[in-house]
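This report describes how a protein chain meets two strands of DNA, and then turns to one of its helices. Please read it alongside the sequence and the model shown here.

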Amino acid sequence: MDMYDAKQLYDRLKVSEREDETLDLDARLRAMNGPLLAWYEEHARILPWRENPEGYRVWISEIMLQQTRVEAVKPYFERFLEALPDVASLASVEDDRLMKLWEGLGYYNRARNLKKAAGVIMEEYGGKMPEQYEDLLKLPGIGSYTAGAVSSIAFGHPVPAVDGNVLRVISRVTASREDILKASTKKWMETHLRETMPRDRASHFNQGLIEIGAIVCVPNGQPHCAECPLESICLAKRHNLMGEIPVKTPPKKRRLEDKTVCILECGDQVGLNKRDDSGLLASLYELPNREGHLTPEEIPEAFGLDPGEIVELEPVGPAKHIFSHVEWHMTGYRVRLKHGIPKSYIAAGKEELKTTYALPNAFGRYTKMIE
DNA sequence: AATTCGGGGAA
DNA sequence: TTCCCAGAATT
């Protein structure tokens, strides 16, 4: 290639880039549709909830997947569906059984809202899953993302499903520096995608965007642009902005809390509390605990124990548990009692601990010591 | 608009 | 450690 040809090629490329740069936003988004669908239908992962995407299954999976990784959901999904195979069984499930099915998955209000919504579906929709975005949006636990996901994936309706993956992918494709944590940014994206998405292939379009975000256009470090079907139309890639986009406001610091946890034992029985029905870990069971780090001498009074009933009081070491916004620094004691668990606690058999009572993982360091 | 809700895997 | 995940409800 001589100098002249090279220059001509370069000039043509510049022109085409300039045209591309000035592509209308909606035109750029529309340009994604073809490559995205083709890529998804080739590369979609095989996942349990994709096997038979009917309304109830898609709903349950989408709730479980809120702020929760695919790998964490897998073992819960099939077990949950086997125990509660339809809306009717979910609407009438016992609370403790429901929480036991959700134990360890976190964000326990999701499970409570699931049951509430099932009640509404029984009452208002004759037990049949609603298809429309606006109807789904009214159900407890369903926001704009989940309403879009269920309506499009299970029923094929052309509504967007904008989650964290989609926010990242679209921000990069359009080189948007809007803060993706702002509600207005998500709203903006939903409005545009609703216009530009392929109306007859909403399910694969939405899942394709999510899949790109999860597998290719990843956060934390370099995205895998070489494998991306959107590489040629992505403005972040063109300007090498993958490290700067998406823009996210930094989170604030966690609050620290000191706690003292007691394993109250008497023979085969262990003392439990039921937590308050609102706030952190609402209505789950827990090992008895108090604020602050207590000395052995402070234990009997703090936990309402008769000193004469205490056979053994053994420190069992510290533990830390990190939530999103709180951090527990725990110290623990194992207390063996002579004549039984005090009435102020729930006396649970050690086997029931595994089968009946839902305990959050925050106490795992201590519950593992009960055998 | 900002906080509160869990838990874990990966960088 | 920090980040962030197929977000939603409440304040």
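A polar contact is a pair of N or O atoms within 3.5 Å; within protein, one atom must be able to donate a hydrogen and the other to accept it, and residues adjacent in sequence count only if both atoms are side-chain atoms.

## Basis of the values

This is a predicted model, in which local features need pLDDT of at least 70 and side-chain atom pairs count only at pLDDT 80 or more, whereas totals for chains, interfaces and linings use all residues. Residues are numbered from 1 along each chain as its sequence is written, chains are lettered from A and ligands numbered from 1 in the order in which they are written, and side-chain values use heavy atoms, with hydrogens and water left out.

## DNA strand C

A base nitrogen of DNA strand C is 3.1 Å from a side-chain N or O atom of Arg-50. The backbone of this strand is also contacted: a side-chain N or O atom of Thr-146 lies 2.7 Å from a phosphate oxygen, and one of Asp-163 lies 2.7 Å from a sugar or linking oxygen. Helices H3 (48–51), H10 (144–155), H11 (164–173) and H13 (202–215) are the elements that give two or more residues to the surface near this strand, helices being DSSP runs of H or I with at least four residues, numbered from the N terminus.

Around DNA strand C there are 29 residues, of which Gln-67, Gly-141, Thr-146, Asp-163 and Arg-168 come nearest; a residue is near a strand if one of its heavy atoms lies within 4 Å of it. Of the atoms of DNA strand C within 4 Å of the protein, 63% belong to sugar and phosphate.

## DNA strand B

DNA strand B is surrounded by 18 residues, and the closest are Gln-67, Tyr-108, Leu-281, Ser-324 and Asn-361. A polar side-chain atom of Ser-324 is 2.6 Å from a base nitrogen of this strand. Phosphate oxygens of DNA strand B are reached by a polar backbone atom of Leu-280 at 3.1 Å and by a side-chain N or O atom of His-321 at 3.3 Å.

## Helix H2

The 19 residues of helix H2 (residues 25–43) should span 27 Å at 1.5 Å a residue, and the end C-alpha atoms are 27 Å apart, which agrees; the expected span is 1.5 Å times one less than the number of residues. At the N-terminal end of H2, Asp-24 acts as a cap, with a side-chain oxygen 3.3 Å from the backbone nitrogen of Asp-26.
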